[in-house]
Amino acid sequence: MAIATSSSSSLTSTSVHQTLCPKYSHSNYTFRVLRPRLRYSALRFTVRASSAVALEPRLSTRQQNQTLEVDPFACPVCYEPLIRKGPPGFNLSAIYRSGFKCEKCNKTYSSKDKYLDLTITAGMKNYTEVKPGRTELFRSPLVSFLYERGWRQNFNRSGFPGPDEEFNMAQEYFKSAEGGLLVDVSCGSGLFSRKFAKSGSYSKVVALDFSENMLRQCYDFVMQDGTLSTANLALVRADVSRLPFPSGSVDAVHAGAALHCWPAPSNAVAEICRVLRSGGVFVGTTFLRTNLNSPWIIRPFLQRIIRDYNYFAEEEIEDLCTSCGFTNYTSKIQQAFIMYSAQKP
Ligand SMILES: C[S@@+](CC[C@H](N)C(=O)[O-])C[C@H]1O[C@@H](n2cnc3c(N)ncnc32)[C@H](O)[C@@H]1O
């Protein structure tokens, strides 16, 4: 089994105990090695005794026969799969209580205040980095609070059909990814992540955003929603230009109303292509660059907004996707709204 070839063979459970979060130092947790699978449809598999020996020389026979799970996360620095220490399961509480470590970079990652921080800057003490305004804006607590309380509804005036319809449209494209891992990149407060998780169509849904406050708001919405099981959902902070997943490990990527907010759209789309498996599907929405035939009085204001965001013409989005290696590009347009889809060959 592929997991047996993990490079973590040199790590003993004791060393992992010592190096990963001390708050999780109880020895009764299963130590699992996070190796990418070729396909994520099979959620669990049992590791044969011979494999387990290669991974973990000190495991008892009982432990060797335990079911091991594979988590999807990789180090954002080197893309090596992360080693996890903590309670089993891909769900909010288990991931929150787990510590993650990159054996290669010797860097640890842990959950902070409701989400797992897998940015390169996670844990840095002195270095700070400021992103462009279109990214920083969404880190504000006020914008995160207002986002699903009026801000997003405004998009309808530009032709966005609304969350329910956009979700149904996206689901049509994601049919081939059913049962797999879906990453909702730039999820904001989780408007679509919650719908994807609730749909039951995916074995794992990762709600991923760069904004700490959007993720906190997402967590609160998830907790308030009594009908939403958190059994297949993880909240992750990451930069879309540095996705914390191994290459070819993701079945579907959704990016709602996001392309225009990204600091470097070409890096982001190339990164999405990297993490998708062959046949994996990318679906995004954004505002198209439109001519400014608006009343002169608001034109300076609109020009300011356009300068602050990366709005593209349709041909540019298609060019971007195909130049990053995608095929089967399609789009649906309604006024300034575009939903585009593309597939990893
Ligand atoms: C307009 S919101 C979209 C939210 C949601 N997907 C939707 O469809 O309504 C754009 C999101 O992009 C996120 N974002 C901006 N820059 C990012 C980056 N570099 N990496 C990841 N997310 C980013 C923002 O934090 C924000 O939550």
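This is a short tour of a predicted model, stop by stop, with something to select at each one.

**Stop 1: colour by confidence.** Start with the whole chain coloured by pLDDT. The average is 81, and 75% of the residues score at least 70. Now select residues 1-68, where the pLDDT is below 50. Leaving aside near neighbours in sequence, that stretch still has 98 contacts in the model. A word of caution here: where pLDDT is low, the predicted coordinates should not be read in detail. You can hide residues 1-68 for now, if you like.

**Stop 2: the ligand.** Select the ligand and bring up the 20 residues around it. Which of them come nearest? Look for Phe 138, Ser 186, Gly 188, Ser 211 and Gly 256. Then colour the shell by residue class: you should get 12 nonpolar, five polar and three charged residues.

**Stop 3: helices α6 and α9.** Next, select residues 141-151 for α6 and residues 212-224 for α9. Their axes are 8 Å apart, and the two helices pack at an angle of about 40°. That angle is why α6 counts as oblique to α9. The crossing is right-handed. Show side chains to see who meets whom: α6 brings Pro 141, Ser 144 and Phe 145, while α9 brings Asn 213, Met 214 and Gln 217. By class, this contact has three nonpolar and three polar residues, with no charged ones.

**Stop 4: helices α7 and α8.** Move on to residues 163-173, which form α7, and residues 191-199, which form α8. Here the axes come within 11 Å and cross at roughly 55°, so α7 and α8 are oblique to each other. As α7 passes α8, the crossing is right-handed. On the α7 side, pick out Pro 163, Phe 167 and Gln 171. On the α8 side, pick out Leu 191, Phe 192, Lys 195 and Ser 199. Sorted by class, the contact has four nonpolar, two polar and one charged residues.

Notes. Residues are numbered from 1 along each chain as its sequence is written. This is a predicted model: local features need pLDDT of at least 70, side-chain atom pairs count only at pLDDT 80 or more; totals for chains, interfaces and linings use all residues. A residue is near a molecule or strand if its C-beta atom, placed from the backbone, lies within 6 Å of it. Ala, Val, Leu, Ile, Met, Phe, Trp, Tyr, Cys and Pro count as nonpolar, Asp, Glu, Lys and Arg as charged, and the others, Gly among them, as polar. Axes are lines fitted to C-alpha atoms, for helices over the stretch in contact, and angles run from 0 to 180 degrees between N-to-C directions. Helices (H or I, at least four residues) and strands (E, at least two) are DSSP runs, numbered from the N terminus. Angles under 35 degrees count as roughly parallel, over 145 as roughly antiparallel, 65 to 115 as roughly perpendicular and the rest as oblique. A crossing is left-handed if the near helix is turned anticlockwise from the far one by less than a right angle, and right-handed if clockwise. Two residues are in contact if their C-beta atoms, placed from the backbone, lie within 7 Å. pLDDT is the predictor's confidence in each residue, from 0 to 100.
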